[in-house]
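Trainee: I would like to learn how to read a structure such as this one, step by step. Could we begin with the idea of a contact, and then move on to strands, sheets and cores?

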Amino acid sequence: GRGENAIEAAQHGQRQDHVLVLAALEGVADKVRGAKVVRLAREGSSVAVEEVWEHRLMRNHFNGSVVVDDHLCGFDKAFLKCVSAATGEASWTLRGLGKGSLIRADAKLIVLSERGRLVLFAADAAEPRELASHQVLTGRCWTQPTLADGRLYLRNAGEMVALDLSAGEADAAEQEMTGGGE
């Protein structure tokens, strides 16, 4: 039924039984909430929901978090963070990007800062390892990067860029981001 589909959709790419259900819901009964992780379990034809943890550690502002191993990586206001999905404890925190958005592709985090800086990180729950970065847009960038058919699409309110990351082009794109192609 619908419950089974919801569990299967929620578990895709995440811990088998843990789901991030909420981030940065502010102003609810004068309480600023951060993230909440719940455990879902089938009980006959229904679904039982048990809270695993909730706290203010991961307050996504305008985009969600991604799963890396058994961790959640995302922006807590203006800090890029990685927290344990099981406990909510921070594994690492990175300052300096401001607010931003991210996606995960293969073993990489593709991060777009609010100010248009594109940063490529290794998807590593142990430490933030920057692989490349480049200023690709100006102005406020609040839209999550989109990756489709080997192209990475990035935009702000007035312009859009598409980077070809298809086979053979990815090395050139990374070289250009690091300044090695000049």
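Mentor: Two residues are said to be in contact when heavy atoms of theirs lie within 4.5 Å. Please keep in mind throughout that the model is predicted. With that cut-off, and leaving aside neighbours within four places in sequence, H71 is in contact with V66, C82, V83, S84, A85, S91 and A125.

Trainee: In which element is H71 found, and is H71 buried or exposed?

Mentor: H71 is found in strand β5, which covers residues 71–76. Buried means under 20% relative accessible area, and H71 counts as buried because its relative accessibility is 18%. One of its contacts can also be followed through the backbone, since the C-alpha atoms of H71 and C82 are separated by 6.4 Å while the two residues are 11 apart along the chain.

Trainee: Before we go further into β5, how many helices and strands are there in the protein?

Mentor: There are two helices and 14 strands. Of the 182 residues in the protein, 38% are buried. Among contacts between residues at least 6 apart in sequence, 37% join residues at least 24 apart.

Trainee: How should I read a sheet, and what is the order of the strands in the one that holds β5?

Mentor: To read a sheet, follow which strand pairs with which, and then look for the edges. Here the order is β4-β5-β6-β7, an open sheet of four strands with antiparallel pairing. The edges are formed by β4 (66–68) and β7 (90–94), each of which has a single partner strand, so one side of each is left without a neighbour in the sheet. On average, and with direction ignored, neighbouring strands of this sheet are turned by 25 degrees against each other.

Trainee: How many bridges are there between β5 and β6, and which residue is the bridge partner of C73?

Mentor: β5 and β6 (residues 79–84) pair in the antiparallel sense over six bridges. The bridge partner of C73 is C82, in β6.

Trainee: Two cysteines face each other there, so how many disulfides are counted?

Mentor: A disulfide requires two cysteine sulfur atoms within 2.5 Å, and by this rule the count comes to zero. C73 is in no disulfide, and the nearest cysteine sulfur, that of C82, is 3.2 Å away.

Trainee: And what can be said about S84, which was among the contacts of H71?

Mentor: S84 lies in strand β6, and it counts as buried because its relative accessibility is 13%. For a polar side chain, it helps to ask which polar atoms lie within reach. The side chain of S84 has a polar atom 3.2 Å from the backbone nitrogen of A86, and it also reaches the backbone nitrogen of T87 at 3.2 Å. Not counting residues up to four places away in sequence, S84 touches W53, D70, H71 and E89.

Trainee: Now the interior: which residues have the most contacts inside the largest nonpolar core?

Mentor: That core has 15 residues, and those with the most contacts inside it are C73, L80, L97, L102, L109, V111 and F121. The elements that give two or more residues to this core are β4, β5, β6, β9 (108–113) and β10 (117–122). A second, separate core of 12 residues includes A105, L137, C141 and L152.

Trainee: Why do C73 and C141 count as buried?

Mentor: C73 counts as buried because its relative accessibility is 0%, and C141 counts as buried because its relative accessibility is likewise 0%. Beyond residues up to four places away in sequence, C73 touches M58, S65, V66, V68, K81, C82, W92, L102 and L109.

Trainee: How is β10 joined to β11?

Mentor: A hairpin joins β10 to β11 through six residues. The two strands run antiparallel and are joined by six bridges, with β11 covering residues 129–135. Within this pair, R117 stands opposite Q135 in β11.

Trainee: Finally, what is the strand order in the open sheet of three strands?

Mentor: The order is β12-β13-β14, with antiparallel pairing. Its edge strands are β12 (146–148) and β14 (160–164), each of which pairs on one side only. The twist averages 20 degrees from one strand to the next. Five bridges join β13 (residues 151–155) to β14, and R151 stands opposite D164 in β14.

Methods. Residues are numbered from 1 along each chain as its sequence is written. This is a predicted model: local features need pLDDT of at least 70, side-chain atom pairs count only at pLDDT 80 or more; totals for chains, interfaces and linings use all residues. Side-chain values use heavy atoms; hydrogens and water are left out. Buried means under 20% relative accessible area, exposed over 50%, partly exposed in between (1.4 Å probe, protein chains only). Two strands pair if DSSP finds at least two bridges between them. Axes are lines fitted to C-alpha atoms, for helices over the stretch in contact, and angles run from 0 to 180 degrees between N-to-C directions. A polar contact is a pair of N or O atoms within 3.5 Å; within protein, one must be able to donate a hydrogen and the other to accept it, and residues adjacent in sequence count only if both atoms are side-chain atoms. A nonpolar core is a set of buried Ala, Val, Leu, Ile, Met, Phe, Trp, Tyr and Cys residues joined through side-chain atoms within 4.5 Å.
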